[in-house]
Amino acid sequence: MLKSLFKNTLVAAVVMATSVNAFAADKVYRLKLAESWGPNFPVFGDSVKNMVKMAEEMSNGRLKIRVDSANKHKSAFGVFDMVKSGQYDMGHSASYYYKGKVPNTMYFTTMPFGMTAMEQYAWFQYGGGQDLMDELYAQHNLVAFPGGNTGVQMGGWFRKEINSLEDLKNLKMRIPGFAGEVLAKLGATPVNIPPGELYTALERNTIDALEWVGPSLDLRMGFHKIAPFYYMGWHEPATELMFIINKKKMEKLPADLQAILKVAMHKASYDMYVQSYASSAENWAEMTSEYPNIQVKTFPPEVLTALKKANDDILAEKAADDEMAARIIKSQQDYLKLVRVWTDISEFGYIQSTKE
Ligand code: CA
């Protein structure tokens, strides 16, 4: 009798386990994502759409993610807080937007004179970058992942040439974030102006220069029509966006859906890097054929040397003030030293030695 009781209990347990599994396999999990961008924002917004579509397809419809753009949630720079609090499950934004709130977030987007996109991806995945990002974001009940890269951003559109350090004095430039701090050390005045007002500000000389992204997103802004000098970049060599997820909400998903979500984010970030590259090439061809007078410039060596020194001085101050900042900065600088030697003799060496 004992034996048959055991047998029946076992059968019941198996039946129950099977039905629970069947239930879990059918259950649809719905997540809400807040993005920092407006609706149908090219490239950045495409990365989100791409991720959502892949997650739904790979999960056979069990993972559905609703995307709210900035016009809906009205808080383009509040994504960090909205996901931390659980108002949204996920977000797509840029880590450095939150440096005013959590200073160490700024290291996970791009740094002036720092790594290129490929070097930085190597750092994230094989050089300890993701571990540091995990450590920082876990303090806020968040998990963050790379969310797509713009590649090297251009140094910006200038109405007048920059020939010396003197030309930076009192230069009013839209250049947000850490790079603005660096430029301010050399006497320039960094200003932040909403994207929709930038063209008019430049046209009316409210500002002398601005940086935005690169041809992929600059073309539609039209700055090339009013500022002929397009300077090469120094300040954002590899701007990486991020996906963030509320850690508790992530842990509540079944393991297979967590894995699907990670793969979708990973693939979407890679796709955005490729898309940025492709649309920059196409848009640059279009810009230069319509406006052949655009002049591509590099900043004079004395300007770049001074910018680099100001950059290093500020980083040293930040490292002295904050233990975690010191670890992140050291990790990035050590990795750059390691990886750049390879870049020099591989990609860079190849381009230089085969150039006609
Ligand atoms: Ca920029």
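**Exercises on ring contacts and a calcium site**

In this predicted model, the charged end of Lys32 sits over the ring of Tyr88, 5.2 Å from its centre. Arg220 likewise lies over a ring face, that of Phe41, at 5.5 Å from the ring centre.

**Exercise 1.** Classify the ring pair of Phe80 and Tyr137 as stacked, tilted or edge-to-face.

*Solution.*
Step 1. A pair of aromatic rings is described by the distance of the centres and the angle of the planes.
Step 2. The structure holds 19 aromatic pairs. For Phe80 and Tyr137, the ring centres are 5.8 Å apart and the planes stand at 55°.
Step 3. Planes under 30 degrees apart count as stacked and over 60 as edge-to-face; the pair of Phe80 and Tyr137 is therefore tilted.

**Exercise 2.** Locate Phe80 and Tyr137 in the chain, and determine whether Phe80 is buried or exposed.

*Solution.*
Step 1. Phe80 belongs to helix α4 (residues 79–84) and Tyr137 to helix α6 (residues 129–138); with these positions 57 residues apart, the pair links distant parts of the chain.
Step 2. Phe80 has 0% relative accessibility and so counts as buried. Tyr137, with a relative accessible area of 0%, is buried too.
Step 3. Ring pairs join both residues into a cluster, whose members include Trp37, Phe41, Phe44 and Phe77.

**Exercise 3.** Identify the residues that coordinate the calcium ion and give their spacing in sequence.

*Solution.*
Step 1. The donors are Gln153 (OE1), Glu211 (OE, listed twice), Trp212 (O) and Glu236 (OE), at 2.3 to 2.7 Å.
Step 2. Along the sequence, the donor residues follow the spacing Q-x57-E-W-x23-E.
Step 3. Of these donors, Glu211 and Trp212 are buried.

Methods
Residues numbered from 1 in each chain as written. Predicted model: local features only at pLDDT ≥ 70, side-chain atom pairs only at ≥ 80, totals over all residues. Heavy atoms only, no water. Donors = N, O, S within 2.8 Å, 3.2 Å for Na, K, Ca; no water. Buried < 20%, exposed > 50% of the residue type's maximum accessible area, 1.4 Å probe, protein only. Phe/Tyr/Trp six-rings, centres within 6.5 Å; stacked < 30°, edge-to-face > 60°. Helix = DSSP H or I, 4+ residues; strand = E, 2+ residues; numbered from the N terminus. Lys NZ or Arg CZ within 6 Å of the ring centre and 35° of its normal.
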